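Here are my notes for someone opening this one for the first time. Keep the structure up beside the text and follow along point by point.

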Amino acid sequence: MSLSWGFAACCLIAFVGSATAQDETYGQDYAFEDRAPRTPLEKLVAQKLPSLVKIHGASGLSTIDPYATGVIVSAQGHILTLDLIMIQKDQTRVVLHDGSVYHAKLYPSDRKLGVRLLKIDAGEKKLTPLVPSTRTDWSHGTFVVSLGNSFRLAEFSEKISATFGVITARARTGLRYRMSDVDYAGELLITDAPNNPGQYGGGLFTLRGEWIGLNTRIMESKETNTQISAAIPTADVAPYIDHLVRGIRAPAEEASDEPERAVFHGISLFDHGGRQSPPAYVERVARNSPARKTGLRPDDLIVRLDEYPVRSCAEFRKVMRRFAPDQVVEVTFKRGTRVLRKSMKLEEAPE
Amino acid sequence: MRWSLLWLSVAVSCGGSLAAQAPTDEFLHLEPVLQAAIRKVTPSVVTIETFGGTRRLLAGGGSAVPDDAPSGPGEKPPEKKPPEKKPDEEKKDEKLPPLQQAGFLQAQGSTTGVVLTSDGWIAVSRFALNYDPSTILVTTADGKSYHARRGGEDTSRGLALVKIDAQDLIVPEFVPPDAARVGQWTFVLGRTFGQEEPSVHMGILSAVGRLFGRALQTDAYTSPANYGGPMIDIQGRVLGISVPLSRSGRDAGAELYDSGIGFASTIADIMPLLSRMKAGETLHRGWLGVSTVTTYLGPGARLAQVAENSAAAAAGLERGDLILSVDTVDVRNSFHLQSLISSKMGGDPVHLKVGRKSGTVGITVFLKDLPESERQPQKPAEEAGVLPWEEEDKKK
């Protein structure tokens with residue numbers, strides 16, 4: 001009996017002792033000057049920041065921000081960033097984490113990705129390049145840290161800003177930048193770590209320290225008409241880096257999405273050409289056509305071709321341009337109150 | 001042996017307290033838990049696609065042009081209207097005014113829904129139905145698509161029901177109202193980007209009982225990307241349905257998406273209203289139809305005016321009456337009265353204790369639906385997902 005009380009007393013003392021021990025050190029740990037990073041999140045940020053640079057470019061236009069961020073990708077001083085208008089020959093300067101400034105040499109950009117490589121000559125200075133991850137299967141809900149010079153808040157040798165969120169989605173989405181459509185075919189890592197002017201060209205990292213994305217400009221998603229924060233997956237930029245830094249040629253380009261031969265499907269849509277393109281109702285199905293062979297009928301409403309949604313006649317035509325003759329397309333359509341799915345083999349349009 | 005046990009437990013306690021001082025890696029632990037939560041609720045998160053629509057959404061006051069007007073010289077007007085437009089639907093179109101929304105043009109991408117019953121009742125955001133679509137398609141997590149018909153809606157919660165013909169749909173776990181704690185993790189999921197996994201936005205629960213007891217507030221981004229989708233906790237249980245709601249009513253609430261303020265209709269409040277919405281009813285916030293004397297600070301609320309044709313008038317309330325209690329809750333002041341009444345729905349009965357010169361009387365009032373005229377005159381319409389919150393001192 002008394003033993004168990006003694007045991008309880010010891011536990012209580014130990015517990016109370018530990019609590020007060022923590023209180024004594026609490027204030028010291030939060031002194032203003034840098035304390036050594038302790039948590040994995042703090043260590044991650046501390047480790048990656050020296051590999052990020054501040055980029056300053058040509059100013060003079062009110063619509064462009066003359067500052068951005070970049071990532072060091074080679075020990076010789078290659079830096080990856082976005083292909084921004086402000087990056088001009090003889091006007092681009094790079095500031096390293098220690099505050100030193102260098103002129104940057106420009107490499108040809110990759111137009112499709114919208115990225116550009118720069119190079120500085122840092123002399124004897126040791127640079128810490130980052131290796132881009134080549135994984136493409138990041139799960140939604142993965143925690144990410146975004147590093148970038150938001151709003152140019154970090155001047156000279158001040159530390160670049162860090163913010164936190166999750167991967168919201170890994171997706172392709174129709175994009176708009178400042179009122180014009182953006183033709184970007186690849187997937188983006190959409191996050192809720194907020195993206196701000198200046199953060200472009202910065203990095204997106206997982207908690208385990210993998211560099212997985214290059215922050216893009218702030219764009220609008222056409223699916224939602226709202227702004228999204230996104231990063232280009234590093235797996236997509238790795239070949240560009242390899243090619244220019246290491247001279248490794250990328251494999252031959254895949255065939256583009258626009259085939260040269262026109263397809264014939266035999267579907268005439270009820271498209272009265274009004275101001276807003278109407279839904280894709282079938283008006284007529286041509287005799288001996290792929291659509292007739294598939295069993296499509298007038299008044300069917302086409303809602304999807306393969307995985308692409310078809311919300312209007314205009315969208316039907318746009319999606320159709322992705323396919324080639326002899327390709328088998330899965331047509332999802334609504335007939336009355338049923339939703340059906342049938343395969344249709346496209347033919348080549350006659351001359 | 002017992003002594004060694006004692007020393008062992010002391011050693012363990014001390015060791016435990018030392019471990020408590022080591023750096024925490026809560027995010028590394030949280031990540032797989034979050035992903036498990038997402039996987040748990042994913043089977044119940046559906047995609048909503050709408051087609052066609054007879055309402056035009058205008059930005060900032062432009063004129064409404066009918067869809068079938070020729071857009072250029074030499075274009076013929078249509079010979080035949082698209083199918084499925086029944087005569088009574090056309091009549092309905094004539095009554096509805098064009099929607100006006102300042103500066104925000106609603107996109108027609110797909111939106112999100114949550115399975116409420118295994119036989120196919122789905123909760124969607126009222127926002128998704130703004131265009132009054134002629135066709136609604138629901139795609140469940142396993143890739144099957146269904147034609148959906150509209151059920152009823154709750155305009156005070158920005159929610160609508162649709163029904164699909166399905167069996168054995170997977171219903172998520174719903175959280176009881178007392179289980180939500182301010183500061184807990186909340187995640188809002190959506191289907192808009194069309195991936196197999198739903199999209200995720202992360203945040204915390206900022207407040208409960210917002211908008212007169214109807215909604216949970218979060219700083220997770222809510223936007224058309226996830227309106228209609230579930231707000232879940234770290235265990236994958238549904239707390240509420242993400243919807244655009246707004247205190248002021250001046251915008252649709254959808255414009256708050258970048259502000260760190262988002263709302264989700266509390267799921268525990270939705271389920272009791274399900275049978276009325278399944279029957280096709282359109283539910284509105286309850287309306288008493290009185291204004292109070294602002295110089296009277298309580299106890300109770302003194303009536304300044306009773307609106308004609310209001311629920312209050314029908315029950316015999318008069319100018320000068322002092323409302324002492326609502327359903328046995330003592331009314332402290334005018335704000336309290338508004339709070340008590342506004343949390344109710346049109347059709348709900350409220351039992352009031354009213355003080356008059358002649359003595360105290362008990363009056364039962366059947367609240368009416370908040371009328372169109374009370375909702376945002378010259379401001380964006382109710383149908384855009386706006387909640388009609390009146391300014392101070394006006395009719396309750």
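**Notes on a first look**

1. Let's begin with a pair of strands in chain A. Strand 3 (residues 78-82) and strand 7 (residues 115-119) of chain A run antiparallel and are joined by five bridges. If you want a spot to zoom in on, A:I79 sits opposite A:L118 of strand 7 in chain A. Bear in mind as you look that this is a predicted model.

2. Now zoom out to the sheet. It is an open one in chain A, with seven strands in the order 5-4-1-2-3-7-6 and antiparallel pairing. Strand 5 (101-103) and strand 6 (105-106) of chain A are at the edges; each has a single partner strand, so one side of each has no neighbour in the sheet. As general background, strands of a sheet pair through backbone hydrogen bonds, either parallel or antiparallel.

3. What packs on this sheet, touching strand 3 and strand 7 of chain A? That would be helix 3 (residues 234-246) of chain A, whose direction makes about 35° with that of strand 7 of chain A. The buried residues of helix 3 of chain A are A:T234, A:A235, A:V237, A:A238, A:Y240, A:I241 and A:V245. Their cover includes strand 3, strand 7, strand 14 (211-215) and strand 16 (226-233) of chain A. Just after helix 3 of chain A comes A:G247, with a positive phi of about 70°.

4. Next, the cores. The largest nonpolar core has 53 residues, and A:L80, A:V94 and A:V115 have the most contacts inside it. Helix 3 of chain A gives the largest share of this core, four residues. Try clicking on A:L80: beyond its neighbours within four places in sequence, its contacts include A:V115, A:L117, A:W211 and A:L214, along with A:V237, A:Y240 and A:I241. There is also a second, separate core of 35 residues, which includes A:V166, B:M202, B:V243 and B:M277.

5. Elsewhere in chain A, have a look at strand 9 (residues 161-171), which runs antiparallel to strand 8 (residues 143-148) and is joined to strand 8 by six bridges. In that pairing A:L147 stands opposite A:A162. Strand 9 of chain A is also joined by four bridges to strand 12 (residues 188-191) of chain A, again antiparallel. Here A:A171 faces A:L188 of strand 12 in chain A.

6. Helix 5 (residues 313-320) of chain A is worth a view from the end. Its buried residues are A:C313, A:F316, A:V319 and A:M320. Seen down the axis of helix 5 of chain A, these fall within an arc of 125°, so they line one face of the helix. Among the elements covering them are strand 20 (301-305), strand 21 (308-309) and strand 23 (338-345) of chain A.

7. Over to chain B, which has eight helices and 23 strands. Of its 396 residues, 52% are buried. Among contacts in chain B with a separation of 6 or more, 66% are between residues 24 or more positions apart. The accessible surface of chain B is about 17,700 Å², and carbon and sulfur atoms account for 54% of that.

8. One last stop: is B:A307 buried or exposed? B:A307 has 13% relative accessibility, so it counts as buried, the cut-off being under 20%. B:A307 lies in the loop between strand 18 (301-306) and helix 7 (311-315) of chain B. B:S291 is 16 residues from B:A307 in sequence, with 8.2 Å between their C-alpha atoms.

Note on methods
Residues are numbered from 1 along each chain as its sequence is written. Chains are lettered from A and ligands numbered from 1 in the order in which they are written. This is a predicted model: local features need pLDDT of at least 70, side-chain atom pairs count only at pLDDT 80 or more; totals for chains, interfaces and linings use all residues. Side-chain values use heavy atoms; hydrogens and water are left out. Two strands pair if DSSP finds at least two bridges between them. Helices (H or I, at least four residues) and strands (E, at least two) are DSSP runs, numbered from the N terminus. Contact means heavy atoms within 4.5 Å. Axes are lines fitted to C-alpha atoms, for helices over the stretch in contact, and angles run from 0 to 180 degrees between N-to-C directions. Buried means under 20% relative accessible area, exposed over 50%, partly exposed in between (1.4 Å probe, protein chains only). Accessible areas come from the Shrake-Rupley method with a 1.4 Å probe; for residues, only the protein chains shown count as cover. A nonpolar core is a set of buried Ala, Val, Leu, Ile, Met, Phe, Trp, Tyr and Cys residues joined through side-chain atoms within 4.5 Å. The arc is that of the directions from the helix axis to the C-beta atoms.
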